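Here are my notes on this one, written as numbered points so you can reply to each in turn. Have the structure open while you read.

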Amino acid sequence: MIVIKNPEEMKRMAYACEVSAMALQAARTSIKAGATTLDVDHAVAECIKKAGAKASFLNYNGFKGNACVSVNDELIHGIPSKKKVIREGDIVTVDVGAYIGGFHGDNAYTFTVGEVDKETLRLLNVTQQSLYEGIKKAVVGNRIGDIGAAIQAYVEQNGFFIVKEYIGHGVGRDLHEDPEVPNYGKAGRGARLVPGMTIAIEPMVNYSTAECLRMKDGWTVVEKNHKPSAHFEHTIAITEGEPVILTRFGGADYAS
Ligand code: MG
């Protein structure tokens with residue numbers, strides 16, 4: 001069942017999203033060569049705690065981290081670890097949600113560490129732009145399939161691979177609500193978009209194959225050929241007018 005948020009709920013939702021965006025910004029400042037993925041997790045935890053919020057992912061289905069921190073070929077669900085050291089040239093994806101006032105926000109970003117090779121940068125730029133191609137379609141009268149079709153077309157035109165096993169979702173009182181928001185599909189299909197819907201759009205894109213592997217830790221998902229992978233996510237609200245990006249940090253996106 002798709003939950004439509006009333007204006008009061010939407011305000012609270014916006015605040016949870018603001019805190020989520022702040023947590024992602026805290027992660028960003030902690031990412032540098034020599035830091036561990038656990039250091040990134042600590043930065044996120046501190047920010048969320050200061051805001052009086054809770055990390056949405058902590059203990060979610062048993063996940064041991066405040067954020068998912070995934071490096072290079074790791075696409076999603078990387079478990080923060082003091083053994084995992086970030087190096088110059090790495091890409092680091094942080095996915096973080098904050099829960100406050102009864103609502104969740106959810107966002108993700110793939111950051112670069114120093115100088116990153118050109119093809120990896122292209123993957124990041126295409127994935128981030130595909131998110132915006134999807135958001136553009138998140139308008140009243142369109143359907144969920146319009147979002148996925150736009151994302152898929154943009155990624156495939158650029159020669160990369162949409163991961164289909166993992167998808168976006170509605171978000172609100174629950175971290176994962178209806179509807180499912182796939183990063184692929186057919187325009188004109190799926191649930192109709194109406195004002196008051198809040199959804200997380202989150203293209204996950206691999207460099208060389210759509211296939212992924214899950215590591216022995218039971219969580220970390222990697223690109224099957226161990227090439228780079230990227231993930232960008234915003235929580236957005238469907239309105240009568242343009243879609244509103246609720247997780248935009250400080251009114252701007254800090255494109256890398
Ligand atoms: Mg999400």
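1. Start with Glu119, which is partly exposed, its relative accessibility being 31%. Keep in mind throughout that this is a predicted model. Glu119 forms a salt bridge with Arg122, and the closest N and O atoms sit 2.9 Å apart. Arg122 comes out as partly exposed too, at 32% relative accessibility. Both residues belong to helix 3, which covers residues 118-136, and they are three residues apart, or about one turn of the helix.

2. Helix 1 has a salt bridge of its own, between Arg12 and Glu8, with 3.7 Å between the closest N and O atoms. Here the spacing is four residues, again about one turn of the helix, and both partners lie in helix 1. How accessible is Arg12? Its relative accessible area is 33%, so Arg12 is partly exposed. Glu8 has a relative accessibility of 44% and counts as partly exposed. The cut-off for a salt bridge is 4 Å between nitrogen and oxygen, so the 3.7 Å for this pair falls within it.

3. Now for a salt bridge that spans the sequence. The side chains of Lys5 and Glu177 meet at 2.9 Å, N to O. Lys5 lies in the segment before helix 1 (7-30) and Glu177 in strand 8 (177-181), so this contact ties together parts that are 172 residues apart in sequence. Are these two buried or exposed? Lys5 is buried, and Glu177 is buried as well. In total, the structure holds seven salt bridges, among them the Lys5 and Glu177 contact.

4. On to the rings. Searching the whole structure turns up four aromatic pairs. One of them joins Tyr109 and Phe232: the ring centres are 4.8 Å apart and the planes make an angle of 75°, so the pair is edge-to-face. Tyr109 sits in strand 5 (103-112), while Phe232 is in the loop between strand 13 (229-231) and strand 14 (234-237), so the contact ties together parts 123 residues apart in sequence. Both Tyr109 and Phe232 are buried. Phe111 comes into the picture as well, since Tyr109, Phe111 and Phe232 form one aromatic cluster.

5. Phe160 and Tyr207 make another aromatic pair, this one tilted, with 5.6 Å from centre to centre and 40° between the planes. Which parts of the chain does the pair link? Phe160 is in the loop between helix 4 (144-157) and strand 6 (161-162), and Tyr207 is in the loop between strand 10 (204-206) and strand 11 (212-214); the two residues are 47 residues apart. Phe160 is buried, at 3% relative accessibility. Tyr207, with a relative accessible area of 23%, is partly exposed. The boundary for buried is under 20%, so Tyr207 at 23% misses it.

6. A few other contacts are worth a look around strand 6. Phe161 is found in strand 6 and is partly exposed, with a relative accessible area of 33%. Its C-alpha atom is 8.6 Å from that of Glu211, though the two residues are 50 apart along the chain. Val163 lies in the loop between strand 6 and strand 7 and is buried, at 0% relative accessibility. The C-alpha atoms of Val163 and Tyr184 are separated by 8.8 Å, with their positions 21 residues apart along the chain. Tyr184 also has a charge over its ring: Lys164 lies over the face, at 5.4 Å from the ring centre.

7. Last, the largest pocket, which holds about 470 Å³ of space. What lines it? The lining has 24 residues, and Tyr60, His77, His169, His176 and Glu202 lie nearest the centre. Strand 7 (168-170) and strand 8 are the elements that give two or more residues to the lining. The largest share, four residues, comes from strand 8, and strand 8 is also where Glu177 of the salt bridge with Lys5 lies. By class, the lining has 11 nonpolar, six polar and seven charged residues.

Technical notes: Residues numbered from 1 in each chain as written. Predicted model: local features only at pLDDT ≥ 70, side-chain atom pairs only at ≥ 80, totals over all residues. Heavy atoms only, no water. Phe/Tyr/Trp six-rings, centres within 6.5 Å; stacked < 30°, edge-to-face > 60°. Buried < 20%, exposed > 50% of the residue type's maximum accessible area, 1.4 Å probe, protein only. Lys NZ or Arg CZ within 6 Å of the ring centre and 35° of its normal. 1 Å grid on protein atoms, 1.4 Å probe; cavity = no way out; pocket = protein on both sides within 12 Å on 5 of 7 lines; lining within 4 Å. Points joined across faces, edges and corners; volume = space filled by probe spheres on them. Nonpolar A, V, L, I, M, F, W, Y, C, P; charged D, E, K, R; others polar.
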